[in-house]
Amino acid sequence: MDGIAAVLILKEAFLPEPSICAPSPARIFTETERQSLYDVIYARRDVRNEFKPDPIDHDALIRVLDAAHAAPSVGLSQPWNFILIKSKEQRQKVKQAFMRANDEARDMFSDDRRDRYSALKLEGIEKAPLNICVTCDRTRGGEVVLGRTHNKDMDLYSTVCAVQNLWLAARAEGIGVGWVSIFHERDLKRIFDVPDHVSIVAYLCVGYIDEMYQEPELAVRKWAQVDDLNDVVMEERWNCSTTG
């Protein structure tokens, strides 16, 4: 062994190992890129009926699911799973479960809203070419998960982040998404054989669309109004005067 090689080996023995997680410079996005992101955010809508029957392009679906899988999660637990549902048989079972729950929900509203509620149609379960059931495995990461030690629901919040990533990525691909929330979880668990330790967070109708509302549909139909940002922002503490 020559002298230079010996010196190099000696130096390497005393040098700290290079950090594999050393941060790299944060990328600064261009104005055009930032605007594209905001365009997608503000153009996102809950699609209820306007789905086309065309199957979703496989590569586009993988990109959308990959975006969902890239969501932040507590303790990097990544508690989500995505059940893809295409069969008419399974979707018909879900539609029946939805209809039963929807009848119950209608009776919860006062008389002046009951008819307006009945007029809100949801056909995406059967009309959209794809349904996605998004679940949260409450055991993922073990008994003690960093960040869940005091707030046990952080895994559910993480899964909601995955849903939002999916929704925005789908919008960028020209794919519409509708979130079905009116169902008894036990019914969907039975349909999809979901184990007890797994929670169902979202049931999504997914498909291509030709048109959508420029504003949220419930605002267009005068069911609710979009709150002003100033009405929901507080400083330093809860300020009741800023709430409606």
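This report walks through a helix pair, the nonpolar cores, one buried aspartate and two unusual backbone angles in a predicted model.

Residues are numbered from 1 along each chain as its sequence is written, and side-chain values use heavy atoms, with hydrogens and water left out. Because the model is predicted, local features need pLDDT of at least 70 and side-chain atom pairs count only at pLDDT 80 or more, while totals for chains, interfaces and linings use all residues.

Let's start with the helices. Helices (H or I, at least four residues) and strands (E, at least two) are DSSP runs, numbered from the N terminus. The axes of H3 (residues 58-69) and H7 (residues 154-172) come within 7 Å and cross at roughly 150 degrees; axes are lines fitted to C-alpha atoms, for helices over the stretch in contact, and angles run from 0 to 180 degrees between N-to-C directions. Val64, Leu65, Ala67 and Ala68 of H3 make the contact with Ala162, Asn165, Leu166, Ala169 and Ala170 of H7, where contact means heavy atoms within 4.5 Å.

Next come the cores. A nonpolar core is a set of buried Ala, Val, Leu, Ile, Met, Phe, Trp, Tyr and Cys residues joined through side-chain atoms within 4.5 Å; buried means under 20% relative accessible area, exposed over 50%, and partly exposed in between (1.4 Å probe, protein chains only). The largest such core has 22 residues, and Ile125, Val180, Leu188, Phe192 and Tyr203 have the most contacts inside it. Strand S4 (198-208) gives at least two residues, as do helices H4 (88-106) and H8 (185-192), and the largest share, four residues, comes from S4. A second, separate core of 20 residues includes Trp167, Ala169, Ile175 and Leu204.

H8 deserves a closer look: Asp187, Leu188, Lys189, Ile191 and Phe192 are buried there. Their cover includes strand S1 (80-85), H4, S2 and S4.

Asp137 sits in strand S2 (residues 130-137) and is buried, with a relative accessible area of 12%. Beyond its neighbours within four places in sequence, Asp137 is in contact with Pro79, Asp155, His197 and Val198.

Finally, the backbone. Most residues other than glycine have a negative phi. Two residues here have a positive one although neither is a glycine:

| Residue | Phi | Loop | Relative accessible area |
|---|---|---|---|
| Gln78 | about 45 degrees | between H3 and S1 | 26%, partly exposed |
| Asp193 | about 55 degrees | between H8 and S4 | 67%, exposed |
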